[in-house]
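I sat down with my notebook and a fresh model to look through. Here is what I looked up, entry by entry.

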Amino acid sequence: MSREPLKGRDAYRVWREIGTRWADNDAYGHVNNTVYYQWFDTAVNAWLIEAGPLDIDKGDPIGLVVETGCRYAAPLAYPEPVEVGLAVEHLGRSSVRYRLGIFAKGAAEAAAEGHFVHVYVGRADRRPATLPSAWRAKLEAIAAPAETPKEEPDARPDGRRLRVRPDPLLGADRE
């Protein structure tokens with residue numbers, strides 16, 4: 001199974017350097033996978049605070065994390081610092097999907113990349129809330145660059161995908 005390569009530095013709009021800690025390394029001598037999620041959370045929320053939308057104490061709406069994911073490509077270890085790249089991948093009415101890349105300091109290729117989704121809700125009622133226009137403008141300013149759609153070789157002219165069913169005897173796709 002081949003994987004799509006991780007995105008390069010040009011896929012991100014905002015950068016944050018984060019120092020690794022002795023406690024970040026696990027028994028295998030590299031940063032534990034759970035730490036990457038802490039870096040995602042730190043990068044997103046630090047940017048929100050610095051850019052102005054997030055007021056931790058009194059802000060309304062507030063963002064709740066509803067989904068995260070990460071793909072790992074290379075190990076990182078204490079004491080090397082990391083650089084976290086951030087971009088908005090999708091901006092909805094009340095949600096934001098952030099793209100994040102984790103790079104060893106100065107490295108050209110990502111060690112990991114992931115996503116982080118906030119749904120913004122009212123502080124009191126916890127119901128989805130429309131993003132304020134001032135927030136939307138700041139989020140649009142760090143939107144990820146548009147990507148060229150990939151051609152799908154198994155697509156029909158009408159855009160529907162061809163479905164290849166497994167061979168009942170061999171259990172494999174027929175050519």
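**Entry 1: contacts along the chain.** Before counting anything, I needed to pin down a word: a contact means heavy atoms within 4.5 Å. With that settled, I looked at contacts in the protein chain with a separation of 6 or more, and residues 24 or more positions apart account for 70% of them. I also jotted down that this is a predicted model.

**Entry 2: the layout.** How many helices and strands does the protein chain have? I found 2 helices and 5 strands. Reading along the sequence, I wrote the pattern down as β-α-β-β-β-β-α. The chain has 175 residues, and 35% of them are buried. About 11000 Å² is exposed, with carbon and sulfur atoms supplying 52% of that area.

**Entry 3: the core.** I went looking for nonpolar residues on the inside next. In soluble globular proteins, nonpolar side chains tend to be buried together. Here the largest nonpolar core holds 31 residues, and Trp39, Leu76, Tyr98, Leu100 and Ile102 have the most contacts inside it. Two or more residues each come from strands S1 (14–18), S3 (82–91), S4 (95–104) and S5 (112–121), and also from helices H1 (33–51) and H2 (133–141). H1 gives the most, with 9 residues.

I picked Ile102 for a check of its surroundings. Setting aside neighbours within four places in sequence, its contacts include Tyr36, Trp39 and Phe40. Leu76, Val82 and Val84 are also among them, and so are Ala110, Ala111 and Ala112. Glu83 is on the list of Ile102 contacts too.

**Entry 4: strand S5.** Why is S5 described as largely enclosed by the rest of the structure? I found that 9 of its 10 residues are buried, so that description follows. Then I looked up its partners. Strand S2 (residues 62–72) runs antiparallel to S5, with 10 bridges joining them. In this pairing I noted Arg71, which stands opposite Glu113 in S5. S4 and S5 are also antiparallel, joined by 8 bridges. Arg97 stands opposite Val117 of S5.

**Entry 5: His118.** I stayed in S5, because that strand is where His118 sits, and asked: is His118 buried or exposed? His118 has a relative accessible area of 2%, and the cut-off for buried is under 20%, so His118 counts as buried. Its side chain makes a polar contact of 3.1 Å with the side chain of Tyr120. Beyond four places in sequence, His118 touches Val44, Asn45 and Leu48, among others. Its contacts also include Gly63, Leu64 and Val65, as well as Ser94, Ser95, Val96 and Tyr98.

**Entry 6: Ala104 and Lys105.** Next I compared two neighbours in the sequence. Ala104 is in strand S4, while Lys105 is in the loop between S4 and S5. Ala104 is buried, with a relative accessible area of 17%. Lys105, at 48% relative accessibility, counts as partly exposed.

Which residues does Ala104 touch, not counting those up to four places away in sequence? I listed Arg9, Leu76, Glu80, Pro81 and Glu83. The C-alpha atoms of Ala104 and Pro81 are 6.5 Å apart, though the two are 23 residues apart along the chain.

For Lys105, leaving out neighbours within four places, I got contacts with Glu17, Pro81, Val82 and Glu83. Its C-alpha atom is 5.5 Å from that of Glu83, which is 22 residues away along the chain. The side chains of Lys105 and Glu17 share a polar contact of 3.2 Å.

**Entry 7: backbone oddments.** Last, I went through the loops. Where is Pro61? I found it in the loop between H1 and S2, and the peptide bond joining Asp60 to Pro61 is cis, with omega about 15°. Pro79 belongs to the loop between S2 and S3. The peptide bond from Tyr78 to Pro79 is cis as well, with omega near 10°.

Arg126 was my final stop, in the loop between S5 and H2. Its phi is near 55°, a positive value in a residue other than glycine. At 45% relative accessibility, Arg126 counts as partly exposed.

Terms used
Residues are numbered from 1 along each chain as its sequence is written. This is a predicted model: local features need pLDDT of at least 70, side-chain atom pairs count only at pLDDT 80 or more; totals for chains, interfaces and linings use all residues. Side-chain values use heavy atoms; hydrogens and water are left out. Helices (H or I, at least four residues) and strands (E, at least two) are DSSP runs, numbered from the N terminus. Buried means under 20% relative accessible area, exposed over 50%, partly exposed in between (1.4 Å probe, protein chains only). Accessible areas come from the Shrake-Rupley method with a 1.4 Å probe; for residues, only the protein chains shown count as cover. A nonpolar core is a set of buried Ala, Val, Leu, Ile, Met, Phe, Trp, Tyr and Cys residues joined through side-chain atoms within 4.5 Å. Two strands pair if DSSP finds at least two bridges between them. A polar contact is a pair of N or O atoms within 3.5 Å; within protein, one must be able to donate a hydrogen and the other to accept it, and residues adjacent in sequence count only if both atoms are side-chain atoms.
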